[in-house]
Amino acid sequence: MRTLEEVQATLQIAKLKEEDLQKTIHCLSFGENVSSADYCLMELDDTLCKHIESGESLVIRGDTDERAVLCSGDKTYDLKIADTSNMLLFVPGCRTPDQLTNSQESSHVVHTQIWGFCNSYWELRKHRPKLKKLKKLLMENPYEGPALGGQEENTENRYTMQDLLERIQASEEELKTHLETIHACQIDGYWRMLDFDYEMKLLGHVTQLVDSESWSFNKVPLQTTLDELAPLEPKEMIEHCLNCYGKRFTENDNIFYALHEDKVCRGTALLLLQNAIKFNLKEFQEVWQQSVPEGMSTRLDQLKSVALVDRNSRPETISLLRVEDLSEDTLERFNHLFTLREKWTEDDITPYIQDLCGEKQTTGALLTKYARSSMQNGIKVFNSRRPVAT
């Protein structure tokens, strides 16, 4: 081990003045069996540091064929290795200059052992949760209603919240939010998606009851609805349907739901479009309006991100195109969109790229990076920056 005199001699050779340095001098040495593979370093921002210091945990998620992500309770981060030209040393008990005091009058040597070293560290970047896989898993065994007499329910491919957390690259809060978005519900402890035809059947029961009782769509009584429809469907399913397509409120200690016109109209449109490749737009709009409950009005802007209108075809057409069915990879998404249509207006393409935006990123910035703009009949349109295979 080096003595103070040996350190002072080294300072003289290096032409450094002892008075310009800290009084505490760390003399480092490698411990036995030290390896760079023993430790991994991760760089955390202030938010994640406080998260760890408060006793919360961070979880690394991903299947063997996926790039790992790191999740806190409510956010998802990409993990990327960052190399550094400086060797990073792990020195337990080592104090940084701001932790040292120069209260001692003379210099002294502290012998410290290195426990490990690294030439890289994990860098975190906030990223969109990867949720497309969630619907794929839940659609392996969609819920089609209670089993009929004598039939056994399929118990395969059912997932608890813990199962989903182990398979989906998202934080728990992001996962729960998306389960609500896709109208999933918990049945016997498992998260299930309703078969779409069954979901529409439930909605039909509700809207027909509202019509027959001459209720306002903005004030549907929960208990009466459950009692009236109990012979047809489980009460839990009726209430789930009301939660999906309405907003719950309380008045005079009674619970009511205000049905959301846009959601009901949107669901009806999806039912009409699901089996048609293309639909004559004018005919579709007529059938659609006739299919929704009386008193509700259909509008094409209710179908943003689920259906695409072609104004250039003769006659004009509409077809099913759901953003949830598109790739989560930005480049793949743009390539697919430009395969479907060579030129897009900003209004048409925005609903299909909005979810790709990261923090503080706009759809305009995405279009600038992945598309080329031009004017067509006085309207700005966007096409691919590269040739697209059709």
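Two residues are said to be in contact when heavy atoms of one lie within 4.5 Å of heavy atoms of the other. With that meaning in hand we can begin at M237, keeping in mind throughout that the structure shown here is a predicted model. If we leave aside its neighbours within four places in sequence, M237 is in contact with Y143, C185, I187, L194, Y198 and L202.

These contacts lead into the largest nonpolar core, which holds 40 residues, and M237 is one of the five members, together with V206, F284, L303 and I318, that touch the most other members. Several elements build this core, since at least two residues come from each of β8 (184-187), α6 (196-213), α7 (222-229), α8 (235-245), β12, α9 (261-273), α10 (281-291) and β14 (307-310). Of the contributions to this core, that of α6 is the greatest, at 7 residues. Another core lies apart from this one and has 17 residues, including L326, C357, A371 and F382.

Returning to the helix that carries M237, we may ask which residues of α8 are buried. They are M237, I238, H240, C241, L242, C244 and Y245, and the elements that cover them include β8, α6, α7, β11, β12 and α9. It helps here to recall a general property of helices: an α-helix has 3.6 residues a turn, so residues three or four places apart point the same way.

One of the covering elements, α6, deserves a closer look, because its axis and that of α8 come within 10 Å and cross at roughly 90 degrees, an angle that makes α6 roughly perpendicular to α8. On the side of α6 the contact is made by Y198, E199, M200, L202, L203 and V206, while α8 brings M237, I238, C241, L242 and Y245. What kinds of residue make up the contact of α6 with α8? They divide into 10 nonpolar and 1 charged, with no polar residue among them.

A second pair of helices can be read in the same manner. The axes of α11 (residues 330-340) and α13 (residues 363-370) come within 11 Å and cross at roughly 75 degrees, and the two helices are therefore roughly perpendicular to each other. Here T330, L331, F334 and F338 in α11 meet L366, L367 and Y370 in α13, and the residues of this contact divide into 6 nonpolar, 1 polar and no charged.

We turn now to the strands, starting with β8, which also supplies residues to the largest core. Strand β8 pairs with β9 (residues 190-193) in the antiparallel sense over 4 bridges, and in one of these pairings Q186 has W191 of β9 as its bridge partner. The two strands form a hairpin with 2 residues between them, and D188, which lies in the turn, has a positive phi of about 55 degrees.

Elsewhere, an open sheet of 3 strands follows the order β10-β12-β11 with antiparallel pairing. Its edge strands, each pairing on one side only, are β10 (220-221) and β11 (246-251). Between β10 and β12 (residues 254-259) there are 2 bridges, and V220 stands opposite Y257 in β12.

A further open sheet has 5 strands in the order β2-β7-β5-β4-β3, and its pairing is mixed. The edges are formed by β2 (42-43) and β3 (59-61), each of which pairs on one side only. Within this sheet, 3 bridges join β4 (residues 69-71) to β5 (residues 76-90), and these two strands run antiparallel; C71 stands opposite T76 in β5.

Two single residues complete the tour. The first, H51, has its place in helix α2 (residues 46-53), and is it buried or exposed? Burial requires a relative accessible area under 20%, and H51, at 16% relative accessibility, counts as buried. Leaving aside its neighbours within four places in sequence, H51 is in contact with E56, S57, L58, S72 and G73.

The second residue, E283, is found in helix α10, and with a relative accessible area of 45% E283 is partly exposed. How far apart are E283 and E172, in sequence and in space? They are 111 residues apart in sequence and 43 Å apart in space, taken from C-alpha to C-alpha.

Note on methods
Residues numbered from 1 in each chain as written. Predicted model: local features only at pLDDT ≥ 70, side-chain atom pairs only at ≥ 80, totals over all residues. Heavy atoms only, no water. Pairing = 2+ DSSP bridges. Core = buried A, V, L, I, M, F, W, Y, C linked by side-chain atoms within 4.5 Å. Buried < 20%, exposed > 50% of the residue type's maximum accessible area, 1.4 Å probe, protein only. Axes fitted to C-alpha atoms, helices over the stretch in contact; angles between N-to-C directions. Parallel < 35°, antiparallel > 145°, perpendicular 65-115°, else oblique. Nonpolar A, V, L, I, M, F, W, Y, C, P; charged D, E, K, R; others polar.
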